[in-house]
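Me: I am new to reading protein models and would like to work through this one. Please keep the answers short and show the reasoning.

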Amino acid sequence: MLEPLRQGLPPLDPAAVSNAASCALPPRYEAVREARHFTRRTLDGWDLGDRFDDVCLVVSELVTNALRHALPADTPRTDEQHGPVRLHLMRWTERLVCAVRDPSHDSPVARETDDFSAESGRGLFLVDSFSDSWGWQPLAGTLGGKVVWALFRLRPPAE
């Protein structure tokens, strides 16, 4: 059902990047709400407000997973302004990528469950269902950690 978790993004021409935005998220669960507000403002500014519901659901799941599973247990849950989790939104002419960077090197794990009414454990299933593709990549160098991304295809602009 789910494609392999560790896969590269489909080829994207860097010259075709129209817009990019990112925000640091503090290590507290209220950051999910902040990520949704940031996503709303960004998509509205890019005239992509019609994609907000699907994109927002995926952003919420990716940020929640990063906060719940990717932060060390001793990470203070304070109002820190430069949090260890970062949300990136990148728009190409016909694609939108949501990427969440976190400090963990562990791969995302999709739980196998038949209980679709469960309160948790369905996040990656939802990401897979609402995006056109998704995956994750380990980060190298000084950043460390990983990035989990989801891609949405956009309608081509009217000629």
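Me: In the salt bridge that Glu-30 forms with Arg-28, how far apart are the closest N and O atoms?

Reply: This is a predicted model, in which local features need pLDDT of at least 70, side-chain atom pairs count only at pLDDT 80 or more, and totals for chains, interfaces and linings use all residues. Residues are numbered from 1 along each chain as its sequence is written, and side-chain values use heavy atoms, leaving out hydrogens and water. A salt bridge requires a side-chain nitrogen of Lys or Arg within 4 Å of a carboxyl oxygen of Asp or Glu. For Glu-30 and Arg-28, the closest N and O atoms are separated by 4.0 Å.

Me: Which residues are linked with Arg-28 in a network of salt bridges?

Reply: Arg-28 sits in the loop between strand E1 (17-25) and helix H1 (31-45); helices (H or I, at least four residues) and strands (E, at least two) are DSSP runs, numbered from the N terminus. Glu-34 also forms a salt bridge with Arg-28, with the closest N and O atoms 3.0 Å apart. The partners that share the network with Arg-28 are Glu-30 and Glu-34.

Me: Is Arg-28 buried or exposed?

Reply: Buried means under 20% relative accessible area, exposed over 50%, and partly exposed in between (1.4 Å probe, protein chains only). Glu-30, at 38%, is partly exposed, and so is Glu-34, at 29%. Arg-28 has a relative accessibility of 15%, so this residue counts as buried.

Me: How many residues apart in sequence are the parts tied together by Asp-102 and Lys-146?

Reply: The side chains of these two residues form a salt bridge of 2.9 Å, N to O. Asp-102 belongs to strand E3 and Lys-146 to strand E5, so the separation in sequence of the parts they tie together is 44 residues.

Me: What is the relative accessible area of Leu-87?

Reply: Leu-87 is part of strand E2 (residues 85-92). Leaving aside neighbours within four places in sequence, its contacts (heavy atoms within 4.5 Å) include Leu-25, Phe-38, Val-59 and Val-100. Leu-87 is buried, and its relative accessible area is 0%.

Me: Which element gives the largest share of the largest nonpolar core?

Reply: A nonpolar core is a set of buried Ala, Val, Leu, Ile, Met, Phe, Trp, Tyr and Cys residues joined through side-chain atoms within 4.5 Å. The largest one has 33 residues, of which Leu-25, Val-59, Val-63 and Leu-87 touch the most other members. Nine residues, the largest share of this core, come from H2.

Me: What span does helix H2 reach from its first C-alpha to its last?

Reply: The expected span of a helix is 1.5 Å times one less than its number of residues. H2 covers residues 52-69, which is 18 residues, and its expected span is 26 Å. Its buried residues include Phe-52, Val-59 and Leu-67. The span in the model is close to the expected one, at 25 Å.

Me: Why is Cys-98 not bonded to the closest cysteine sulfur, and which residue holds that sulfur?

Reply: A disulfide is a pair of cysteine sulfur atoms within 2.5 Å, and a search of the whole structure finds zero. Cys-98 is buried, at 1% relative accessible area. Its sulfur is too far for a bond, because 9.6 Å separates it from the closest cysteine sulfur, in Cys-56.
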